[in-house]
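Welcome! Take a moment to look over the structure below, and then we can walk through it together.

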Amino acid sequence: MTHQITRKLTLYFTIVLLLFSVVVGTLFFTLYSEQTAQIYRTELENRAIRIADTLSGFFANESGPGPENMRNFGMQGKTPGQAGGMGMYLRLIDDVAMSDVWIVDRDAKSISVGSGKNQVVFSQLPAAAQHLLERVFQGEIAFSESFSPLLETPSITVGAPVFAINGGVLAAVLLHNESASIADATRAGVRILTISLAAALVLAGGLSVILARRFIRPLQLMNHTTCQMAAGNYESRTDIVQQDEIGMLARNIDILAERLQRASEESERLDPNAP
């Protein structure tokens, strides 16, 4: 009986803990994945905006040519210092952005990519990518995964507008980040959760065995006392003191044993020859 109850209680505890782990794990994976993706999107958006703002600074000179006459992101008509500064920034932009960066001039139908990268022409852009650019050239911040075929890897892209001094949009900054980065961060979080839950299950399993044995100890004492009473030994007591249902049952057994002992003694006193 001892082992059966211990196994049953341990099994019940384990099932409850496993269900708890599944529920917590599922909720964690869902919420953590969404939160991780949101953090990456926000960081990517902030980087795109900073780059776009920096490029906008190159066109802040009101005396310069208007945006309708600028080509290649305003390089024509700029002073050598401005052009040199722009060129240097474009060479370094990939490193500081920590992402694949494209700068798109819609009027010139040109796309500038980082040094050493495969050049992309405007006509290669899929319809969904062009839709993202339309939104950016309307002054919006936009996200898309439609550039993945061109990048030959699952990616998320954020587009930010480069504004001219008159408020028009000169160009679009596109930052591409591989979706694998988000997946890697999610897997790392899930791996930590899995290890933590596994350790918790092992610890909880050991504790459940200990608690089950402590739970059945009073039952063993009561079983021993009732067996002694059935054998005619009415002096046996459980001596269990617990403020719960098991304690109440143990006290009733002790009371019954005490009354049976008194009845036995009274019977012996009235009839000494009684067996």
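## The sheet

In this predicted model, five strands form an open sheet in the order S2-S1-S5-S4-S3, and their pairing is antiparallel. At the edges you will find strand S2 (110-113) and strand S3 (142-144), each of which pairs on one side only. From one strand to the next, the twist averages 25 degrees.

For a closer look, follow strand S1 (residues 100-105) beside strand S5 (residues 169-178): five bridges link them in the antiparallel sense. Valine 104 has alanine 172 of S5 standing opposite.

## Helices against the sheet

Helix H3 (residues 127-137) packs on the sheet, where it touches S1, S3, strand S4 (155-163) and S5. The direction of H3 makes about 130 degrees with that of S5.

Helix H5 (residues 179-230) lies across S4 and S5, and it runs at about 45 degrees to S5.

## The nonpolar cores

Which residues have the most contacts inside the largest nonpolar core? They are Trp102, Val104, Ile111, Leu125, Leu133, Phe147 and Leu174, in a core of 18 residues. S1, S2, H3 and S5 each give two or more residues to this core, and H3 supplies the largest share, with five.

Phenylalanine 147 is a good place to zoom in. Leaving out residues up to four places away in sequence, it touches Trp102, Leu125, Ala129, Leu132, Thr157, Leu174 and His176. Another core, of 15 residues, lies apart from the largest one; Ile51, Ile103, Val158 and Ala160 are among its members.

Technical notes:
Residues are numbered from 1 along each chain as its sequence is written. This is a predicted model: local features need pLDDT of at least 70, side-chain atom pairs count only at pLDDT 80 or more; totals for chains, interfaces and linings use all residues. Side-chain values use heavy atoms; hydrogens and water are left out. Two strands pair if DSSP finds at least two bridges between them. Helices (H or I, at least four residues) and strands (E, at least two) are DSSP runs, numbered from the N terminus. Axes are lines fitted to C-alpha atoms, for helices over the stretch in contact, and angles run from 0 to 180 degrees between N-to-C directions. Contact means heavy atoms within 4.5 Å. A nonpolar core is a set of buried Ala, Val, Leu, Ile, Met, Phe, Trp, Tyr and Cys residues joined through side-chain atoms within 4.5 Å. Buried means under 20% relative accessible area, exposed over 50%, partly exposed in between (1.4 Å probe, protein chains only).
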